[in-house]
Amino acid sequence: MQSRFYDFGGDTIIRADQYVRLTSDRPSQEGWLFSRLPLTATNWEIEVEFKIHGQGNLHGDGMAIWLTKQRGQIGPVFGSVDRFEGLGVFIDTYKNQRPGVVFPYVMAMLGNSSVTYDKDHDGKENEIAGCSARGIRSSSVPTKIRLTYFAEKSLAVSLQYKAENEWTECFETGPLTLPSVSYLGFSAETGELSDNHDIISIETKNKYINKGYSDQAAGEVAGKGASGKGGRGGRQFRREKERGSWKWFFFKVFVFGGLVGAGYVGWTMWRASQRGRF
């Protein structure tokens with residue numbers, strides 16, 4: 001299967017009209033999915049529906065969402081490269097050595113191409129902000145994560161896993177600077193323990209700020225406040241926004257908008273499960 005917009009590799013497989021599976025419920029797997037085109041919007045929102053599930057009571061290791069200068073490389077950080085440049089948001093389902101923290105755990109790390117991920121301690125030394133998300137694995141409702149970024153202002157991450165249409169704020173950071181050229185990507189890995197890590201759908205939106213925006217007027221991210229490092233309670237952004245939806249994997253053609261500097265981008269339904277480029 002081929003596409004002008006995405007590449008995948010490693011152990012990633014495609015199930016037509018269902019999902020992209022980054023890893024199967026088997027030991028020692030690594031898989032990735034990356035956009036070929038960079039995101040060009042200054043302010044954006046990304047909403048991903050995913051599913052982490054498998055057999056047995058022991059499972060691992062987790063998955064990542066990337067906004068990085070690098071793209072499409074296998075590595076030791078949830079299936080992608082270490083010493084990356086940009087943003088990584090990790091959904092870590094296996095606890096190594098991090099006392100006092102409830103897993104699964106969701107955290108953000110900002111890489112500068114020289115910092116190494118602290119894998120032995122589940123990213124403790126690298127964490128910008130994070131929260132516990134017990135119940136996000138094998139949830140009975142569609143599990144989603146929403147990233148909302150305003151350049152030089154903030155990154156907010158919210159989760160849906162307790163009830164449908166109920167968003168729980170995980171954390172909100174202060175100002176973050178991302179590379180001017182950033183690719184959206186996803187990866188996952190398994191070790192001795194394993195899980196299925198599936199991407200169901202992705203939607204991106206360009207976010208525009210009203211004139212006179214200030215830190216005090218940052219608004220609120222939808223959802224209820226959650227305990228966890230970096231959390232600041234439920235807040236919802238009030239902005240004028242031009243919606244350029246990018247929703248793929250088995251659905252319709254959406255507007256890609258300013259995220260890749262294009263108008264409407266067409267895509268086709270998945271029709272094959274072979275590995276390769278698409």
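This report walks through one strand and its partners, two loop residues, and the nonpolar cores of a predicted model.

**Strand E14 and its neighbours**

Let's start with E14, which covers residues 183–189 and is mostly covered, with 7 of its 7 residues buried. Its side chains split into two sets: Tyr-183, Gly-185, Ser-187 and Glu-189 point one way, while Leu-184, Phe-186 and Ala-188 point the other way. Both sets are buried, Glu-189 included.

E14 pairs with strand E4 (residues 30–35) in the antiparallel sense, over 5 bridges. Here Trp-32 sits opposite Ser-187 of E14. Strand E6 (residues 62–68) also runs antiparallel to E14, and 7 bridges join the two. On that side, Met-63 has Ala-188 as its bridge partner in E14.

**Two loop residues**

Thr-42 belongs to the loop between E4 and strand E5 (44–53). If you skip its neighbours within four places in sequence, Thr-42 is in contact with Tyr-149 and Ala-151. The second of these is 109 residues away along the chain, yet the C-alpha atoms of Thr-42 and Ala-151 are separated by 6.0 Å.

Now on to the loop between E5 and E6, where His-59 is found. Is His-59 buried or exposed? It counts as buried, because its relative accessible area is 18% and the cut-off for buried is under 20%. Its side chain has these polar partners:

| Partner of the His-59 side chain | Distance |
|---|---|
| Asn-57, backbone oxygen | 3.3 Å |
| Arg-137, side chain | 3.4 Å |

Arg-137 turns up again in the wider contact list of His-59, which leaves out neighbours within four places in sequence. The rest of that list is Thr-93, Tyr-94, Leu-193, Ser-194 and Asp-195.

**The nonpolar cores**

The largest nonpolar core has 42 residues, and the members touching the most other members are Trp-44, Val-106, Ile-145, Leu-155, Leu-159, Phe-186 and Ile-199. E5 gives the most to this core, with 5 residues. Another core, of 16 residues, lies apart from it, and Trp-32, Val-81, Phe-90 and Tyr-105 are among its members.

So what does Val-106 touch, not counting residues up to four places away in sequence? The list runs through Val-89, Phe-90, Ile-91, Ala-129, Gly-130, Cys-131, Ala-133, Ile-145, Leu-159, Cys-170 and Phe-171. Two of those names, Ile-145 and Leu-159, are also among the best-connected members of the largest core.

Conventions: Residues are numbered from 1 along each chain as its sequence is written. This is a predicted model: local features need pLDDT of at least 70, side-chain atom pairs count only at pLDDT 80 or more; totals for chains, interfaces and linings use all residues. Side-chain values use heavy atoms; hydrogens and water are left out. Buried means under 20% relative accessible area, exposed over 50%, partly exposed in between (1.4 Å probe, protein chains only). Helices (H or I, at least four residues) and strands (E, at least two) are DSSP runs, numbered from the N terminus. Two strands pair if DSSP finds at least two bridges between them. Contact means heavy atoms within 4.5 Å. A polar contact is a pair of N or O atoms within 3.5 Å; within protein, one must be able to donate a hydrogen and the other to accept it, and residues adjacent in sequence count only if both atoms are side-chain atoms. A nonpolar core is a set of buried Ala, Val, Leu, Ile, Met, Phe, Trp, Tyr and Cys residues joined through side-chain atoms within 4.5 Å.
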